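Colleague: I'm new to reading structures and would love some help. Could you walk me through a few features, one at a time?

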Amino acid sequence: MDAGDGAAEDSVPQQPRQPPEAVATGTSRRGLLRGALLGGVGGLVVGGAGGAVAGRTLISEDSTDAVNLGTKYPFYGQRYQVGIATEPQRHCLFATFRLAPGATTRDLQVLLARWSAAIAVLQDGRSVGSVEPTSPLQPPRDTGEAHDLSPASLTVTLGLGPSVFGERFGLARFKPALFSDLPPLNGDFLDPKFTGGDLSLQACADDPQVSYHAFRNLARIGRGVVVPYWTVLGFGRASAGEGQATPRMLLGFKDGTRNIKTDDQMAQFVWIDKSDQPWLDGGSYQVVRKIRMLLETWDADRIGDQQEIFGRDKAEGAPLTGTKEFDHPDFAARDAEGELIINPLAHIALSAPENNGGVMIKRRSYNYTDGLAADGQLDAGLLFISYQNDPQHFIRLQNRLGANDLLNEYIRHIGSGIFVVPPAPEEGHYIGEALFA
Amino acid sequence: MTTTSPRRWLLTPAVIAASALALTACGSGSTGGAAPSAAPTGAAAGEGGISTVNISLANQSGADACTPDKNSVPAGPVTFSIKNESAAGITEVELIKDQRILGEKENLAPGLDPVTFTLTLDGGTYQLYCPGAGTDHVDFTVTGAAAAAPTGSAQSILAQGTKDYAAYVVTQVDQMNTAVGELNTAVQAGNVDAAKQAYGKARPYYERAESAIEGFVLPGFPPEDNAGNLDYLIDMRESTPVDAAVGWSGFHAVERDLWQGGAVTDETKKYSSDLVTNVGKLQGVVAELEYRPEDLANGAAGLIEEVQSGKITGEEEQFSHLDLVDFAGNVEGAQQAYASLRPGLEQIDADLVKTLDGQFVSVQATLDTYRDPNAIGGFKPYTPELQASDSAKLTAAIQPLHESLAAVAQKVV
């Protein structure tokens, strides 16, 4: 929804960067067939027409919406951490942590090593230690709620906040020049409860219980060194990967039609390369914004206004100057009265790369809900996550949107964080190891 | 701490003996463990130098393997050096004999530098236990006999610690007996202010001693009968459903009258004198209690669990808001139990001792910020406002300690 309606409609399907592996052996702690049975099958509805067995009817042969819960992603030996270019999974637990007051540099080092090892095991679909220890006196190492679940395409992406590179841990010399806390931005309505953090974990999977299990066990491993600070459980991916249909966010519009999708775009706009900190080559900057949506007022807005705000129609997602979703918007086109067809303050106009010096950011957002607000309104919105190789790309876009976007009447940026995601480790190593050499 | 269904197991000597046997018999027998057998005969060895065993943890064709570079060393000091090369699923290595952990290293992960621990080993069959490895038990033999028997094995030190701790509990209950006597004097005199002060002085003794709560049971009562449950009779909270057959009495009934009612009634006087009676009975009960090392560990962890579930939530002292007084009492009781285990535990897992030492210091430092010499019990009242602003901070301080204490029992069995 937010910044960076990047031009990607011409993209050519790419090979996945990290070839996912469909589990085919009995080594996983989790069941295998659940995912396999669903593979290639479209959405199932209960009680549909057609009299299929047990009241279930297959309504679609469209395989792009299918999920194979047996899919798993490798952790080691990838140039990039997974969870950035990876095709978005259906659910995501995003969490930030603060380092405990007494935590030392050594504590941080051991934590990154323990987390890396645990992520490797979790992504492989295994438990992090015994669920049922043989000694009756030992608490279970793994909390167990994912014991017999499939890997579900889990990816855990680990980020380091600007504070890690302060004087406290003696790591200031590893701080890239581009990296600092986000400055105050136009449109900020930030709640300190959802702002900042020293470390971040983004745990996405096609099963929310697998996501939550990963977060919970990593938080437990970190107990004493880090304290969980704020978390958001995202559901219903609001961004698409290559080959996925463009999903919708809670305002009902498609999100990410012009998202970054190709390797060339990733290389140009997402991956850090040849920076002033060589250890970060292959990394990326992660920006997270918790964006509350004022759903009740939005729902009562007339469709004409909703479409003007976005600059697209709602059902197809076509720009108002076109008829199909991937038609290129024409920001100069005028109607019979000589008015611009796409309002220059429409969301897609302000964020389009052609109106921002060609800049694009990779969005990987999810919808969220925190239940009901104190005033009884729906408390929900977008867990916006973007990746870019220069934080200024996001900052410029958001300052522009925050100042003028017609959508601002219906959204509030209530949470924020920025982290740098180092490259993935080789086997036998851990994320951020270069910091402690 | 009381709930309607307290966990209770008797800490009588007979039960202790039976449990110890059961534990030994059902230990960790998952793979390839040659049963401990007679030590090989032969000449003493190991004089002079220290033997070194390098243990490599590595991913071999998709399975995590735990491989020592030798399976046999002469008796004497042995240094185990462990390097996790690439085994993401292994984070700890233990040296075990007769189901007992003799030494251990945790927080092993690929990419970290090697770590070591050194033990003086006598001849016999040992096992390296590497949870998560494809073959998680690896036999390890020590030949000959140690030149000098290791002084004070961990187990004998731990056994002494349990005796020290038993004496500590007896002392606390003795002092509680005096303190509830003073409380009772004030209550019978109808002096509300003096009674509140005395209540604040008496509470910490109970909170320190309640690690042994499973043993606070009068002889001859079935487990489900609250009439024989001294924890129920002394520490039952009003917020918990009350057993109608036994009624409600004890500390918190007195607390309610003093703070909520602000007056001493005939009922209050009855509660107070009952409290004196029941604490007197408790004196008799704790004098007979004996403990195993793991009882101390579980008790300490249980006290810290209490802090999280009853004090930080503000449930324990809902009328007086003396929850931080109880908090401090629980921590002190846990610290005392830990201190009794510490010398033995240090031989088994020195890293854990270091971690726990630091965590106790950290919790105490946090608690110190709430001290108020003018307040009843010496701590600021834990008002709903203070709870709202500070409970997350208190939780963050106490949770790591709980996690570490929960890891102690398995090591001191």
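Colleague: Let's start with the open sheet of 4 strands in chain B: what is the order of its strands?

Modeller: Reading a sheet means listing strands by who sits beside whom. In this predicted model, the order is β2-β1-β4-β7 in chain B, and the pairing is mixed. At the edges you'll find β2 (63-68) and β7 (115-121), each pairing on one side only. Ignoring direction, neighbouring strands here are turned by 20° against each other on average.

Colleague: And how many bridges join β4 of chain B to β7(B)?

Modeller: Count the bridges, then look at the direction. Strand β4 (residues 76-84) of chain B is joined to β7(B) by 7 bridges, and the two run antiparallel. To find one such spot yourself, look for B:V78, whose bridge partner in β7(B) is B:L119.

Colleague: There's a sheet of 5 strands too. Which are its edge strands?

Modeller: Use the same approach: order before edges. Chain B has this open sheet in the order β3-β9-β8-β5-β6, again with mixed pairing. Its edge strands are β3 (72-74) and β6 (100-105), which pair on one side only. From one strand to the next, the twist averages 25°.

Colleague: In what sense do β3(B) and β9 of chain B pair?

Modeller: That pair is parallel, with 3 bridges between β3(B) and strand β9 (residues 137-143) of chain B. Opposite B:V142 in β9(B) you'll see B:V73.

Colleague: Now helices. What span should helix α6 of chain B have?

Modeller: Work it out from the rise per residue, then check the ends. With 23 residues (266-288) at 1.5 Å a residue, α6 of chain B should span 33 Å; its end C-alpha atoms lie 34 Å apart, so the two agree.

Colleague: Which residues of α6(B) are buried?

Modeller: Among them are B:T268, B:Y271, B:L275 and B:V286. The cover over the buried residues of α6(B) includes α2 (154-188), α4 (230-235) and α5 (251-261) of chain B.

Colleague: What does UniProt list for residues 162-407 of chain B?

Modeller: An unreviewed entry there gives "domain: Imelysin-like" for that stretch. In the model, residues 162-407 of chain B are 70% helix and 0% strand, with end C-alpha atoms 18 Å apart.

Colleague: Last one: how many residues of chain A are in contact with chain B?

Modeller: Count each side separately. Here 24 residues of chain A contact 29 residues of chain B. On the chain A side, helix α2 (residues 105-123) gives the largest share, 7 residues. By class, that side has 9 nonpolar, 10 polar and 5 charged residues.

How values were computed
Residues are numbered from 1 along each chain as its sequence is written. Chains are lettered from A and ligands numbered from 1 in the order in which they are written. This is a predicted model: local features need pLDDT of at least 70, side-chain atom pairs count only at pLDDT 80 or more; totals for chains, interfaces and linings use all residues. Two residues are in contact if their C-beta atoms, placed from the backbone, lie within 7 Å. Ala, Val, Leu, Ile, Met, Phe, Trp, Tyr, Cys and Pro count as nonpolar, Asp, Glu, Lys and Arg as charged, and the others, Gly among them, as polar. The expected span of a helix is 1.5 Å times one less than its number of residues. A residue is buried if 20 or more other C-beta atoms lie within 10 Å of its own, exposed if 12 or fewer, and partly exposed in between; C-beta atoms are placed from the backbone. Two strands pair if DSSP finds at least two bridges between them. Axes are lines fitted to C-alpha atoms, for helices over the stretch in contact, and angles run from 0 to 180 degrees between N-to-C directions. UniProt positions are given in the numbering used here, feature names are shortened, and annotations may be inferred rather than shown by experiment.
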